[in-house]
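Here is a short briefing on one protein chain. Keep the structure in view and find each residue as it comes up.

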Amino acid sequence: TIMLGQLRANGTNKLFLANEYLALVRRYPMKIRSVIFHIRRMCKELLEKYQLMEECVSCMSIQELEALLDRMQKYIENPDTFTFDQQKAKREKEAMSRKREEEGKRKRFEQRMMRKAKREGLPPEYYLKIGSEVPSVEMIVKLKSMPKEERLAAWKASHSQHCMNYHLEKEGCRRDRACAFLHVEARDKRRFDERDEVA
């Protein structure tokens, strides 16, 4: 039996919630990039406070994420063990500035396409819909088995708005949110499809 006070405390404990989430991911696996996306959302303040955001984004497995959460827990329990790195903070600030510029490229692209459609008397979303189809899990499997040239042609035909590396490369897209293409989970016909998650 869980006491009400403990339930309330756990409900506001970001690390507890993050560990609960990872336990669910172990039972119901999903792509590591999506897991990182959610951990980053849940623990943003702590990751920034302890300068671990870069390490979080670079994690390649659930084990690495769990180790990162344990590390933050130790910092919370023993504050003297954490030392703020000024040089790292400077590098992160510069990286964030570059990232914002890259993220802006996607918005500028969308604005250009909408202006083009307007000039041609077409619906504003006309060009943005070309290549916007979310690839299915079955299609991803099929594409991975194709020669590189055929794969690229097939991708451009229906999914050109989406990031091919995000879906087809083992390590995913290294540009992450700075990528000008869409990062959306592949559709699985066997389960509910939540299409609005863009990592």
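Start with Met96, which is partly exposed because its relative accessible area is 36%, between the 20% and 50% cut-offs. Met96 sits in helix α7, which spans residues 86-119. Keep in mind that this is a predicted model.

**Around Met96**

- The C-alpha atoms of Met96 and Ala178 are 9.8 Å apart. Along the chain, 82 residues separate Met96 from Ala178.
- Met96 also helps to line the largest pocket, and is one of the residues that lie nearest its centre.

**The largest pocket**

- The largest pocket has a volume of about 1200 Å³.
- Its lining is made up of 31 residues. Met53, Glu54, Val57, Met96 and Lys99 lie nearest the centre.
- Four helices give two or more residues each to this lining: α3, α4, α5 and α7.
- Which element gives the most to the lining? Helix α7 does, with eleven residues.

**The chain as a whole**

- The chain has eleven helices and zero strands. Read from the N terminus, every element in the run is therefore an α, given that helices and strands are the elements listed.
- The chain has 199 residues, and 34% of them are buried.
- About 13800 Å² of the chain is exposed. Carbon and sulfur atoms supply 53% of that area.
- Take the contacts between residues at least 6 apart in sequence. Of these, 53% join residues at least 24 apart.

**Nonpolar cores**

- In soluble globular proteins, nonpolar side chains tend to be buried together.
- The largest nonpolar core here has 23 residues. Leu22, Val35, Ile39, Leu47, Leu65 and Met72 have the most contacts inside this core.
- Helices α2 (14-27), α3 (32-42), α4 (44-49), α5 (53-58) and α6 (62-77) each give two or more residues to this core.
- The largest share comes from α6, with six residues.
- Look at Leu47 in particular. Leaving out residues up to four places away in sequence, Leu47 touches Ile39, Arg40, Leu52, Met53, Cys56, Leu68 and Met72.
- Another core, of six residues, lies apart from the largest one. Among its members are Met146, Trp155, Leu168 and Ala186.

**Salt bridges**

- Side chains of opposite charge can pair when their charged atoms come close.
- How many salt bridges does a search of the whole structure find? The search finds two.
- One joins Arg26 to Glu66, with the closest N and O atoms 3.0 Å apart. Arg26 is in helix α2 and Glu66 in helix α6, so this pair links distant parts of the chain, 40 residues apart.
- Arg26 is partly exposed, at 43% relative accessible area. Glu66 also counts as partly exposed, at 23% relative accessibility.
- The other joins Glu55 to Lys88, with the closest N and O atoms 2.8 Å apart. Glu55 lies in helix α5 and Lys88 in helix α7, so the pair ties together parts that are 33 residues apart in sequence.
- Is Lys88 buried or exposed? Lys88 counts as buried because its relative accessibility is 13%, under the 20% cut-off. Glu55, at 26% relative accessibility, counts as partly exposed.

**Two buried loop residues**

- Gln51 lies in the loop between α4 and α5. Gln51 counts as buried because its relative accessibility is 3%.
- Most residues other than glycine have a negative phi. Gln51 is not a glycine, yet its phi is positive, at about 55°.
- His162 is in the loop between α10 (148-159) and α11 (164-168). His162 is buried, with a relative accessible area of 3%.
- What does His162 contact, leaving aside its neighbours within four places in sequence? Its contacts are Gly131, Ser132, Glu133, Val134, Pro135, Trp155, Phe181, Leu182 and Val184.
- One of these, Trp155, also belongs to the core of six residues.

Key:
Residues are numbered from 1 along each chain as its sequence is written. This is a predicted model: local features need pLDDT of at least 70, side-chain atom pairs count only at pLDDT 80 or more; totals for chains, interfaces and linings use all residues. Side-chain values use heavy atoms; hydrogens and water are left out. A nonpolar core is a set of buried Ala, Val, Leu, Ile, Met, Phe, Trp, Tyr and Cys residues joined through side-chain atoms within 4.5 Å. Buried means under 20% relative accessible area, exposed over 50%, partly exposed in between (1.4 Å probe, protein chains only). Contact means heavy atoms within 4.5 Å. Accessible areas come from the Shrake-Rupley method with a 1.4 Å probe; for residues, only the protein chains shown count as cover. A salt bridge is a side-chain nitrogen of Lys or Arg within 4 Å of a carboxyl oxygen of Asp or Glu. On a 1 Å grid over the protein atoms alone, a cavity is a set of points where a 1.4 Å probe fits but cannot get out, and a pocket is an open set with protein on both sides within 12 Å along at least five of seven lines; lining residues have an atom within 4 Å of a point. Grid points are joined across faces, edges and corners, and a volume is the space filled by probe spheres set on the points.
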